[in-house]
Amino acid sequence: MAYVSQDDKAKLAPQIKKVLSKYGMKGSISIRHHMSLVVTLQSGAIDFKDYTHGDGYIQVNTYHIESHYQGKAKAFLTELLAAMKGPNYFCDDDAMTDYFHRSHYTDINVGRWNKPYFLQNTAKKAPKKVVTASIKVPANSTITDKDTAEDLARMNNKELDKVIDRLVDSYPTLADTLMSRIGYAMMEKEGI
């Protein structure tokens, strides 16, 4: 009988994260019904639009990756599936005798039914000159998210470009996270 525990997930997670990182993908790892290891891709550099019905959501058939996908998507999904199975995976299924015995099932989702996959722009820009800027805040005041948003809104394009360049150069992970969250928030406001 298929069974996957939190310990199994923890052992497989480093290899799964390595594959996600290699292809510039962001996703989550979960367990469904104690028998399926599930990876849900939230955003990334691979374009899956040719494989969806236009809704940004796919339940990948892990048995037919080789025949249904091409190029980078096929290479990524094949590596991801191998990482999800891990070294201790086995499958002794025999459909003829209605006998199903394997270490665990594997499910790959691209996006969610209520939150579509977000394709990130991966164009590389030429390195820019580092600009240092700082916001001086009086010692006895507090900064709120409203103040920060207003400060950004009042900047001209040149000032805003400097702040963004510094953010991307100094804190690339934060910049990527902000970009994803802003994209999702805009899609939610538009009702996508």
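Trainee: Which residues in α6 do Leu167, Val168, Asp169 and Ser170 in α5 meet?

Mentor: Keep in mind that this is a predicted model. Look at the α5 side, where Leu167, Val168, Asp169 and Ser170 make the contacts. Their partners in α6 are Pro172, Leu174, Ala175 and Leu178.

Trainee: Is α5 parallel, perpendicular or oblique to α6?

Mentor: Start with the axes of α5 (residues 157-170) and α6, which come within 5 Å and cross at roughly 120°. Roughly perpendicular stops at 115 degrees, and roughly antiparallel needs over 145. The crossing falls between those two classes, so α5 counts as oblique.

Trainee: Okay, and which helix holds Ile182 of the nonpolar surface patch?

Mentor: That patch covers about 490 Å² and is made by Tyr171, Leu174, Leu178, Ile182 and Met186. Leu174 and Leu178 also turn up among the α6 residues that meet α5. As for Ile182, its helix spans residues 172-190 and is α6.

Trainee: Switching to charges, how many salt bridges are there?

Mentor: Side chains of opposite charge can pair when their charged atoms come close. Here the cut-off is a Lys or Arg nitrogen within 4 Å of an Asp or Glu carboxyl oxygen. By that rule the count is five.

Trainee: How many residues apart are Lys22 and Glu79?

Mentor: These two form a salt bridge, with their closest N and O atoms 3.1 Å apart. Lys22 sits in helix α1 (residues 6-22) and Glu79 in helix α3 (residues 71-85). The pair links distant parts of the chain, and the separation is 57 residues.

Trainee: Is Lys22 buried or exposed?

Mentor: Its partner Glu79 is partly exposed at 28% relative accessibility. For Lys22 the relative accessible area is 58%, and the cut-off for the top class is over 50%. Lys22 is therefore exposed.

Trainee: What about Lys74, which residue does its side chain meet in a salt bridge?

Mentor: Lys74 is partly exposed, with 27% relative accessible area. The N to O distance in its salt bridge is 3.5 Å. Its partner is exposed at 52%, and that partner is Glu66.

Trainee: Last one: is Arg102 buried or exposed?

Mentor: Arg102 meets Asp93 in a salt bridge, 2.4 Å from N to O. Asp93 is partly exposed at 25% relative accessible area. Arg102 comes in at 7%, and anything under 20% falls in the lowest class, so Arg102 is buried.

Definitions and conventions
Residues numbered from 1 in each chain as written. Predicted model: local features only at pLDDT ≥ 70, side-chain atom pairs only at ≥ 80, totals over all residues. Heavy atoms only, no water. Helix = DSSP H or I, 4+ residues; strand = E, 2+ residues; numbered from the N terminus. Buried < 20%, exposed > 50% of the residue type's maximum accessible area, 1.4 Å probe, protein only. Patch = residues over 30% accessible without salt bridge, like charges linked within 9 Å, V, L, I, M, F, W, Y side chains within 5 Å. Areas by Shrake-Rupley, 256 points an atom, 1.4 Å probe, with all protein chains shown as cover. Axes fitted to C-alpha atoms, helices over the stretch in contact; angles between N-to-C directions. Parallel < 35°, antiparallel > 145°, perpendicular 65-115°, else oblique. Contact = heavy atoms within 4.5 Å.
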